[in-house]
Amino acid sequence: RRRSFACVQSGEPKDEDSPWIIHHSLKCLSGPVTPNSLSPAQGEVPPPETDSLVVDSGLKPAGPTPSQSRFQVDLVAEAGGDACGSDKTPGSDCSPLASGDKATPNVDKTAEQVGVEDAKGRFRVVNFADASAASSPDAAPAESVQNGDTVMSEGSLHSSTGGQQHYCYDTHTNTYYLRTFGHNTIDAVPNIDFYRQTAAPLGEKLIRPTLSELHDEVDKEPFEDGFANGDELTPAEEAAAKEAAESKGVVKFGWVKGVLVRCMLNIWGVMLFIRMTWIVGQAGVVCSCAIVAMATVVTSITGCSTSAIATNGFVRGGGAYYLISRSLGPEFGGSIGLIFAFANAVAVAMYVVGFAETVVELLEVAGATMFDQVNDIRIVGTITVIILLGISVAGMEWEAKAQIFLLVILICAIFNYFIGTFIFIESKEKYGFFSYDAGILLENLAPDFRGETFFSVFAIFFPAATGILAGANISGDLADPQMAIPKGTLLAILITGLVYMGVAISAGSCIVRDATGVVINSTMTDDFKCNGAACKYGYDFSSCKPVNGSQSSSCKYGLHNDFQVMSVVSGFGPLITAGIFSATLSSALASLVSAPKVFQALCKDNIYPGIAGFAKGYGKNNEPLRGYLLTFAIALAFILIAELNVIAPIISNFFLASYALINFSVFHASLANSPGWRPSFKYYNMWVSLAGAVLCCVVMFVINWWAALLTNVIVLSLYIYVSYKKPDVNWGSSTQALTYHQALTHSLQLCGVSDHVKTFRPQCLVMTGAPNSRPALLNLVHAFTKNVGLMVCGHVRICSRRPNFKELNSDMLRYQRWLLNNKSKSFYSPVVAEDLRQGTQYLLQAVGLGRLRPNTLVLGFKNDWRSADMKDTETYINLIHDAFDFQYGAVILRLREGLDISHIQGQGDSSASKDDTSAMKDVVVSIDMSKDSDGDSSKPSSKTASIQNSPAVQKGKRPTAPLNVDDQKLLEASRQFQKEQGKGTVDVWWLFDDGGLTLLIPYLLTNKKKWKDCKIRVFIGGKINRIDHDRRSMATLLSKFRIDFSDITVLGDISTKPKAESLTDFAQMIEPYRLHEDDMEQEVADQLKADEPWRITDNEIELYKAKSNRQIRLNELLKENSSSATLIVMSMPLARKGAVSSALYMAWLDTLSKDLPPILLVRGNHQSVLTFYS
């Protein structure tokens, strides 16, 4: 008799390695454990549980203190005591697994439920089903072993966790009790339940401790509800989890019923009985075997590819659509899913009409026709499809039983044929059957094409080889799709291929190509030379052969002429007719089930609008009843139309397009070399899969070239539509993996190539702060970098205290999403720094990857520099100096109204509503309600706020207080670069040669759609007596640069003295910032200059008087010539570092650009960005 142990924890938390480690000693009590063993009288009273996500309705033993509220570091005794100890029956076994004993399924249900609930108490359980029901012995009957029979309930699905022994482990090996390393810790050991996406259908999802819970300080509250490792569930997955949790006792099929039977029935179609012998007559035995082999090669490659995809992770319902969409993404998956479901629906009509035609022929022979032949076919077809619908709606189990019944008939018919080939009956000789004969085989080895070619015969046969996805199409109803799909599909291809070849060889060995049907040929004499294998049997069928170029025979029997010759050969003719009925009905039934299942999976993913209603399932098996009715309606419509000869090649091409994409999926996933591509089915090769995809495409055109073209047009149209719609799904497709792989490869390749002037692109680091706070700056730079160069939105978050990196990461995701939603092709790069300059230096040094690095710093003009702290102005000017030190170009944008709109309520997050679901999941940043300056374009304009105050919650509201006039103007100005600019001018004041950046930016702007109506006007400095010469020189240079311009203006009066009032305004501007060292002692002046380096000395004013006057004069010229321009692009004046004070340089920039239309001050890094060489 084995004993269980109950242990009571004592001791205090120990703070050596982690605040969560509990140093403890154990007191063990012998004897069976009962609930009273852990009563409050004997153990410590557990604190009230406050975590709403922890489910612990059972026994609660002594647990952690309230500070350890998230994870219960529980007693070691629970494993032995609660999970197993309450059952003292001989069947109860709780000995260590290491001893070789296995837990028996006879564990008391109540005791096990307690163990389950306690296990849940240790971790957060999300979307879990009723674990006690799932793991109870009643839920998994003995016949549930996956041996090809129907598997009931979810009991068999705990394949990785050991079924009933999931919660009944020894205390030293039980991962739930965290004793692996000799002490209690919340750091979890590996467990399959951490890696589940949903509760369906493999079991419960547990969430491992987050890094914050293990790493953050004890006094912090690091716990945040949510999913680790990007495991957020899409609405479709959440719905699937809910359905799986609700479905009890669902019917699941093994590999025999679910895959093998369906595939064999679908592949053995009518072609086997009424066309295979005709193919042998046309192509001969050798070419017929070649045709079967070619078709089998294509389907085998596709089968291996299907197996590889199906074994690369858990497969849900949806068949071919699910496999392709999860591999290649929603674009290919959505297009194939729609046409594949439609193809299956129309295939129902094809098979039913084939059945109806056979029935009507029998009625005609019996003289029992109802109306004419066409209407009889419609009546029989309608009745048949209604019966098939009833079988399907009755449930998958009934449908599976019907398939088994039909398979038995079909196999009997096949055996009936092969047995008949060995039975020689003299009465059958006149029809061309002589049993096995070497002469007949030799005669039939070579082809005898009559109005056909090898490829036309192949095109007729190949649709018979389709149907290999019949099992995969019901992947959601399979107990273990990863095992069933490869095993069943490949075995079905092998068996059916061998049978097709066997029929070809046996028919070619037994039956002659032409026969008269006459008992004996009376014309045969001794003088007449008989040709043919039938001569030795006394038959001369030479009269049947076509003469005078005719392609048709005058005889009605033989391989060439009699489609029903297998009925003649067989031991019992009516059984072949039954086989034809079985083949047609089974194929129709399989298609009738496949179409709604695939369509339901497509509807659940919500890729196309207006079809979500068909995603709803009914009953324990989640049957798509609406999909059944839609499939029935489509099939009935085509049965009534009856023009299936035109539809048939299109349907075959739809199936082939699916096969081609499945093969391409495997090639694509292997090429992407993603670590997530790890199929357990190893018998595939990426190049063989690519060859299979090419073969499928070739076969499409061989079967019917116009149908192949039509199929490609439909697939491409649906692909373009889904790509344009961009459904909000992320399935980790190989397209994403290959995109990353190519980006990485090309980035590395770029690093090995030196820069060249012809490949220069403006790659801008734009100090926008939060990207939505300065839209004018963002939009203008985006206008000339879109599809041309790199754009990075830099955001310096000034933080003197300990930074919140979690918030930083959340903002990074949220703002990058905002940029994507607003179609801004740029990146968001935030940094945390003590001041703006330090953060900008970080960005200048670290942003970018290889050659994808910024080369131009873009700032907004600091409008408030005269009222702000001069230390901020000093920092702002130093940003420009730092850019030049790092060999960056510098660009400054100034608008009269300003740039920063973050102080206007609701504007900063105006686009949050575009992604409200995602916005609510992330940390939401709300707009700072205190008015921010327009000057510092990287000053943080947002701060963390609670969810209730966030714009994401208030997205539908408008500001309650009306905007003042200034804010209205600011808001209008911030949107001016979002709209068409109309006919206007971009005035380029190219006063200094900085390498050509001042000219390149306007050229790139005017190439864009919104700026295409704007003309470039160029202004340059020159001398009065050389104006014409300077204009011609500039025109020559611009023409060599291949830059269009509308006018060139040479300014000969730049050096003219400015107006007196302009000089007075400038003097008043700089007066507050002058040092006036002549009016104080030298030591005092030096100390003041050292404390306030931005001060302007008297010597400095005198030294740079001419340069100051030039800025004043240029502003006057700008007002005269460019006051009506849409945009001014001007060379930025330079100030020597350490020689010109920040206040004076800021005054120059202010004076030069004030009271003007939008103006860009540009200074390149003086390396050529334009060339006239080819």
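The following exchange concerns a predicted model and its computed features.

Residues are numbered from 1 along each chain as its sequence is written, and side-chain values use heavy atoms, with hydrogens and water left out. In this predicted model local features need pLDDT of at least 70 and side-chain atom pairs count only at pLDDT 80 or more, whereas totals for chains, interfaces and linings use all residues.

Reader: How many helices and strands does the secondary structure of the chain come to?
Author: Helices (H or I, at least four residues) and strands (E, at least two) are DSSP runs, numbered from the N terminus. On that basis the chain comes to 35 helices and 18 strands.

Reader: What percentage of the residues of the chain count as buried?
Author: Buried means under 20% relative accessible area, exposed over 50%, and partly exposed in between, with a 1.4 Å probe and protein chains only. Of the 1174 residues of the chain, the buried part is 53%.

Reader: Which strands stand at the edges of the open sheet?
Author: Two strands pair if DSSP finds at least two bridges between them. The sheet has 10 strands in the order β9-β8-β7-β10-β11-β18-β17-β14-β15-β16, with mixed pairing. Each edge strand has a single partner, so one side of it is left without a neighbour in the sheet; these strands are β9 (827-833) and β16 (1047-1051).

Reader: Which residue in β18 does Ile892 stand opposite?
Author: Strands β11 (residues 889-894) and β18 (residues 1159-1163) run antiparallel and are joined by 5 bridges. Opposite Ile892 in β18 stands Leu1161.

Reader: What angle does the direction of helix α29 make with that of β14?
Author: Axes are lines fitted to C-alpha atoms, for helices over the stretch in contact (heavy atoms within 4.5 Å). Angles run from 0 to 180 degrees between N-to-C directions. Helix α29 (residues 997-1006) packs on the sheet, touching strands including β11, β14 and β18, and its direction makes with that of β14 an angle of about 165°.

Reader: How many of the residues of α29 are buried?
Author: The buried residues of α29 include Leu997, Ile1001 and Leu1005. The helix is mostly covered, the count of buried residues being 9 of its 10.

Reader: Is Lys862 buried or exposed?
Author: Lys862 lies in the loop between β10 and α26 (870-885). Its C-alpha atom is separated by 9.8 Å from that of Ile877, 15 residues apart along the chain. Because its relative accessible area is 2%, Lys862 is classed as buried.
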